[in-house]
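Reader: Hi! I'm new to this one, could you walk me through it? Let's start once it's on the screen.
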Amino acid sequence: MCEDAVSQRLLAWYDINARKLAWRVGPDAWRAGQRADPYAVWMSEIMLQQTTVAAVDKYFRRFTTLWPDVHALASAKDADVMGEWAGLGYYARARNLLKCARVVSGEWGGVFPGTRAGLQALPGIGPYTAAAISAIAYDRPETVVDGNVERVMARHFAVQTPLPKAKKDLTDLAGAETPEHRPGCYAQAVMDLGATICTPRNPACGICPLSKTCLGRARGIAAELPRKTPKKPKPTRRGIAYLARRDDGAWLLEDRPARGLLGGMLGWPTEGWDGTDDGAPMPANWQDVGVEVTHTFTHFHLRLQVLATQVPQGANPARGNFRALRPADLPTLMRKAFDASQRYFDQSEPDTLG
DNA sequence: CATCCGTGGCC
DNA sequence: TGGCCAAGGAT
């Protein structure tokens, strides 16, 4: 390996510029012999799937405080884990997080496997995450390929083929750069570079440690790469949410099905947007709160009408049940509907009517 | 290989 | 404002 190799320049850059992250063993501590906790690496990598560092930080601290090791997490109640994940999105990750913790705790004695194949056999761990845990937590020379690595490779080698077709070529190029020494630091270095220097828009080529060999920059097309096949436009769906508050302060809520949109999460009874069309959950004096909720999912826009009502004790809903609400347990769409309803419920406070 | 699955920030 | 983007996986 020549001293001017991509990996050596990236590691030298990383040793100085590594971001300080709650789940990371920085380069100084790493060279002093400290190693990352596989549990923490796994937790962070699951949270970081399609999600930014800024969004993950708070959740990572909360989860590792509540459940410091994989045995503790494996013993947690499903509703507690789903509630803590609320707001982070892609809720299948939370369901698989629990499944995985229970497998590792029950069948692996609490020790995560170190091989890529062993890791990838676990729920919620795919090719990227398996390579990341193997490299970062176990110092194995696995090649990590995420969106950052794809972008860095596409630019450095001026790959013009659009994604996702270019995926294999980019993976091969990344594999050829992966060093035998410090592969975990290297993996984090490429991803840090992609997140801070080789960014999707306005890359900071002037301070990039790879600029002198970057073909994309030499050809003046770095910022245009990687090319991507155009995406389909998002359709707009419409639906209705029903928010009922009982006189004692309990709310009519339902547990959503374990699969599909917001699967496994807490929600208001709704209709018309997620494949269900059951109508109102109970007969009542439903009032439009006057504020339409808008929300965008991965593949469609949603405009949600919010209907609200106050009902007496003894009300008997056809679906869902009345219970105490912790608003933080709601996924963002349901939280928006709750917020939109507050004007209605503020003016219908029993003690303001008398 | 295509589709489904959240959310917040950015320009 | 709306489309794009982020440390992807499951089916």
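Author: Happy to. One term to begin with: a polar contact is a pair of N or O atoms within 3.5 Å; within protein, one must be able to donate a hydrogen and the other to accept it, and residues adjacent in sequence count only if both atoms are side-chain atoms. With DNA strand B, a polar backbone atom of Leu-261 is 3.4 Å from a phosphate oxygen.

Reader: Good, and what am I looking at overall?
Author: This is a predicted model, where local features need pLDDT of at least 70 and side-chain atom pairs count only at pLDDT 80 or more, while totals for chains, interfaces and linings use all residues. Residues are numbered from 1 along each chain as its sequence is written, chains are lettered from A and ligands numbered from 1 in the order in which they are written, and side-chain values use heavy atoms, with hydrogens and water left out.

Reader: Back to strand B, then. How many residues surround DNA strand B, and which are the closest?
Author: There are 20, and Tyr-91, Lys-232, Leu-262, His-295 and His-299 are the closest. Being near a strand means having a heavy atom within 4 Å of it. Of the DNA strand B atoms that come within 4 Å of the protein, 61% belong to sugar and phosphate.

Reader: Any other phosphate contacts there?
Author: Yes. The side chain of His-299 has an N or O atom 2.6 Å from a phosphate oxygen of DNA strand B, and a backbone N or O atom of Thr-332 is 2.7 Å from a phosphate oxygen of that strand.

Reader: Which helix and strand supply at least two residues each to the surface near DNA strand B?
Author: Those are β6 (293–296) and α14 (332–347). Helices (H or I, at least four residues) and strands (E, at least two) are DSSP runs, numbered from the N terminus.

Reader: Tell me more about β6. Where do its side chains point?
Author: Val-293 and His-295 point to one face and are buried, whereas Thr-294 and Thr-296 point to the other and are not. Buried means under 20% relative accessible area, exposed over 50%, and partly exposed in between (1.4 Å probe, protein chains only). β6 also forms a hairpin with β7, with 4 residues between them. The two pair in the antiparallel sense over 4 bridges; strands pair if DSSP finds at least two bridges between them. Leu-304 in β7 is the bridge partner of Val-293.

Reader: Switching strands: what comes nearest to DNA strand C?
Author: Of 25 residues around DNA strand C, the nearest are Gln-50, Gly-124, Asp-146, Asn-148 and Arg-151. Sugar and phosphate make up 69% of the strand's atoms within 4 Å of the protein. A polar backbone atom of Gly-124 is 2.7 Å from a phosphate oxygen of DNA strand C.

Reader: And which side chain has an N or O atom 3.4 Å from a base nitrogen of DNA strand C?
Author: That would be Arg-24.

Reader: Anything odd in the backbone?
Author: A few spots. Most residues other than glycine have a negative phi, and most peptide bonds are trans. The peptide bond from Leu-163 to Pro-164 is cis, with omega near 5 degrees, and Pro-164 lies in the loop between α10 and α11. Arg-182 has a positive phi of about 55 degrees.

Reader: Is Arg-182 buried or exposed?
Author: Arg-182 is buried, with a relative accessible area of 8%. Tyr-90, whose phi is near 45 degrees, is partly exposed at 44%.
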